[in-house]
Amino acid sequence: MKKTIITMLIALVAICASAETYSYLKFTKTNGSTVTCSVEGIKLTYDYSNIIVTNAEGTTTIALADVQDMYFSNEGSTTPTYKVGDVNMDGDVNIADVTALIDYLLGGGASAINLNAADVTGDSEVNIGDVTSLIDMLLSSTPQ
Ligand SMILES: [Ca+2]
Ligand SMILES: [Ca+2]
């Protein structure tokens, strides 16, 4: 057990040392979401079940069990040019997007939709599950 901890600490030190040439440290979670942390003033610590990232922006805690991948990148989190759920690309996520998505799935009006935005579930497929998720998204009070 001690050996594992020491190995991890060495790995973390190596990561901290190489962080200077990149702007962001990114974590891919097992659910497919990405957590982006600026490396400015970054400090990585961990306890038995979490990685704790402290940087100029604050502290982020990520459960070790959720981490699928961890890497450095110069691409920030502000890159998406579309809003998830904005299927018809008019800047708003509303019932018209549900209609556009259903039209697409039924084989009509396929030209004017953003497939990336239409993949609400994030599984790289556009199907009825995305319609359900989009409706759920509209019905929930928290806009995404
Ligand atoms: Ca829209
Ligand atoms: Ca999907």
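# Reasoning from a predicted fold

Q: Which residue of S4 stands opposite Leu-44?
A: In this predicted model, Val-53 of S4 stands opposite Leu-44.

Q: What makes strand S3 and strand S4 a pair?
A: Two strands pair if DSSP finds at least two bridges between them. Strand S3 (residues 43-46) and strand S4 (residues 50-55) have 4 bridges, in the antiparallel sense, so the requirement of at least two is met. A hairpin of 3 residues joins S3 to S4.

Q: How do you know that S4 also pairs with S5?
A: There are 6 bridges between S4 and S5, which run antiparallel. The requirement is at least two bridges, so S4 and S5 count as paired. Ile-52, for instance, stands opposite Thr-61 in S5.

Q: Why is one side of S3 and of S5 left without a neighbour in the sheet?
A: The open, antiparallel sheet has the strand order S3-S4-S5. S3 and strand S5 (58-63) stand at its edges with a single partner strand each, so one side of each has no neighbour in the sheet. The twist from one strand to the next averages 20 degrees.

Q: What makes S2 and S6 the edge strands of the sheet S2-S1-S6?
A: This open sheet of 3 strands is antiparallel, in the order S2-S1-S6. Strand S2 (34-38) and strand S6 (67-73) each pair on one side only, and are its edge strands. Neighbouring strands of this sheet are turned by 20 degrees against each other on average, direction ignored.

Q: How do you know that S1 and S6 are paired?
A: Strand S1 (residues 24-29) is joined to S6 by 6 bridges, and the two run antiparallel. At least two bridges are required, so S1 and S6 are a pair. Lys-29 stands opposite Val-67 in S6.

Q: Why are the buried residues of helix H2 placed on the same side of H2?
A: The buried residues of H2 (residues 95-105) are Asp-97, Val-98, Ala-100, Leu-101 and Tyr-104. They cover an arc of only 165 degrees around the axis, which puts them on the same side of H2. In general, an α-helix has 3.6 residues a turn, so residues three or four places apart point the same way. Helix H3 (115-118) and helix H4 (128-139) are included in what covers the buried residues of H2. Gly-107, with a positive phi near 95 degrees, follows H2.

Q: Why do Ala-100, Leu-101 and Tyr-104 qualify for a nonpolar core?
A: Membership requires a buried residue of a listed type, Ala, Leu and Tyr included, joined to others through C-beta atoms within 7 Å. Ala-100, Leu-101 and Tyr-104 are buried, and they are among the residues of the largest nonpolar core, of 13 residues, that touch the most other members. H2, H3 and H4 each supply at least two residues of this core, and H2 gives the most, with 4. Another core, of 5 residues, lies apart from it and includes Cys-37, Val-39, Ile-51 and Val-53.

Q: Why should helix H1 be read with caution?
A: Confidence is lowest in helix H1 (residues 2-18), at a mean pLDDT of 68, and highest in H4, at 94. Where pLDDT is low, the predicted coordinates should not be read in detail. For the protein chain, the mean pLDDT is 83, and 85% of residues reach 70 or more.

Definitions and conventions:
Residues numbered from 1 in each chain as written. Chains lettered and ligands numbered in written order. Predicted model: local features only at pLDDT ≥ 70, side-chain atom pairs only at ≥ 80, totals over all residues. Buried ≥ 20, exposed ≤ 12 C-beta atoms within 10 Å, placed from the backbone. Arc of directions from axis to C-beta. Contact = placed C-beta atoms within 7 Å. Axes fitted to C-alpha atoms, helices over the stretch in contact; angles between N-to-C directions. pLDDT = per-residue confidence, 0-100.
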